Amino acid sequence: MTHPQRATAPVAPVASADPARLQSLVGDLLEEARRRGASAAEAGVSNETGLSVNVRMGEVETVEYHRDQGLGVTVYFGARKGSASTADLRPEAIRETVQAACDIARYTAEDPCAGLADPARMAHAIPDLDLDHPWELDTEHAIEVALACENAARELDARITNSEGAGVDTHRAVHVYGNTHGFLGAYPSTRHSVSCSVIAQSAREMQRDYWYSAARDPADLEAAEAVGRRAAERAVRRLDARRLKTREAPVVYAADVAGGLLRLFLGAIRGTNLYRKASFLVDHLGKPVFPGFVRIDERPHLKKAMGSAPFDAEGVETRDRALVEDGVLQGYLLDSYAARKLGMETTGNAGGAHNVLIEPGEHDLEGLLREMGTGLLITELMGHGSNLLTGDYSRGAAGFWVEGGEIRHPVEEVTVAGNLRDIFMGLAAVGNDVDRRGNVRSGSLLIERMTIAGQ
């Protein structure tokens, strides 16, 4: 529901369904699958609620209340698999959904790699990871927070002439998963954010930039005014940007964009890409993929972290482990299906990785720029020019030209390119300015050399 005007009625958007009720629904799904002759089954139910408010130029643009629910079931008849889902949680809809999954399974080809994860790998305990922190935020308060954020941005500098708006979002979700191994697990989680995007103008051009804060616990969010000021500062400092002549030079990825580079690495070691031979890192287990100083860990049980989870999407226990140690690839990201295709065991990554951290070095961003000397600081990336099969990489970029370790002027309309093999092996330093807002935590990254295409 969207309201163009200010809404004043209070709402409790973070209330969510009772986990016990959702667990009971999963149990009903599994029992219905057994009754229809399935040799194995797994099911999940989710319930999500939230509130999103957006303001622009001092006026309320949208107020949206979210309430979504759904269930999915997968059944196995030997090596035949069928799946179905619905947003209708009535008993008759559950029966129809299970029936649909069973009908599909009876007509699919056998796949010897299909099936539930190994029962020995199921999570036997569900640790409290401190992920559930509802924000008791009514509509009026949310609007006030968003307006405070945008006002702080607009008031910072006379060159802030327009706004793309500020937003406040709060969401709470309960996800339940169970299977016929006897596993049944559930945990609630929350995610909150404050964001702002504004436009700065000089005599010759306009530039846009943004900032946001995100956390499980609203107490951990940056102040709304601080988010707005940061967005305005970033926009203003980009004014009067220049293009560069094509060259090769060192590059620093600022911490808030560095995670994107590491996500490409995670994609290259994802099981689906590996068994399909669609990754440049096929058969690289135990081989160097980064310089010897690099360590990358997966830490699924960090308290309050965005990527934390006690079990994966198949009920498999999540565990701390090293993905890269001394620059050498130690492990892939595998669910049970990909593991069987590769003749390996699941790594508890059905649904993706959980809190990936690259070990920081001794320098902050300013220290990395001094170490770089002359080169490009990237603060924004555009486009999707990455090929995981070949490793070829090309992205539009904006940022700042650095000389003598100091920022000299803003840069726009350039492209940075290389091959991910060379980029990863050319990593020279990791900053200690770690961005903790997402599932991938990284400081700024200094790459020894990349092609910068400009004029």
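**View 1. The largest pocket has a volume of about 710 Å³.** The model shown here is predicted. In all, 35 residues line the largest pocket. Nearest its centre lie Trp211, Arg230, Ala255, Asp433 and Val434.

**View 2. Helices and strands both contribute to the lining of the largest pocket.** Three helices are seen here: helix 4 (224–237), helix 5 (255–268) and helix 8 (365–372). The strands are strand 6 (206–215), strand 12 (375–386) and strand 14 (406–419). Each of these elements supplies at least two lining residues. By residue class, the lining of the largest pocket holds 19 charged, 12 nonpolar and 4 polar residues.

**View 3. The second largest pocket encloses about 580 Å³ of space.** Its lining is made of 25 residues. His175, Tyr187, Ser189, Ser308 and Ala309 are the closest to its centre. Strand 1 (40–56), strand 4 (160–179) and strand 5 (184–201) each give at least two residues to this lining. Strand 4 gives the most, with 6 residues. The lining of the second largest pocket divides into 10 nonpolar, 10 polar and 5 charged residues.

**View 4. An open sheet is built from 5 strands.** The strand order is 10-9-8-11-16, and the pairing is mixed. Strand 10 (328–329) and strand 16 (440–441) are the edge strands. Each pairs on one side only.

**View 5. Strand 8 and strand 9 pair in the antiparallel sense.** Strand 8 covers residues 296–298, and strand 9 covers residues 321–325. Their pairing runs over 3 bridges. Glutamate 298 stands opposite arginine 321 of strand 9. Strands of a sheet pair through backbone hydrogen bonds.

Conventions. Residues are numbered from 1 along each chain as its sequence is written. This is a predicted model: local features need pLDDT of at least 70, side-chain atom pairs count only at pLDDT 80 or more; totals for chains, interfaces and linings use all residues. Side-chain values use heavy atoms; hydrogens and water are left out. On a 1 Å grid over the protein atoms alone, a cavity is a set of points where a 1.4 Å probe fits but cannot get out, and a pocket is an open set with protein on both sides within 12 Å along at least five of seven lines; lining residues have an atom within 4 Å of a point. Grid points are joined across faces, edges and corners, and a volume is the space filled by probe spheres set on the points. Helices (H or I, at least four residues) and strands (E, at least two) are DSSP runs, numbered from the N terminus. Ala, Val, Leu, Ile, Met, Phe, Trp, Tyr, Cys and Pro count as nonpolar, Asp, Glu, Lys and Arg as charged, and the others, Gly among them, as polar. Two strands pair if DSSP finds at least two bridges between them.
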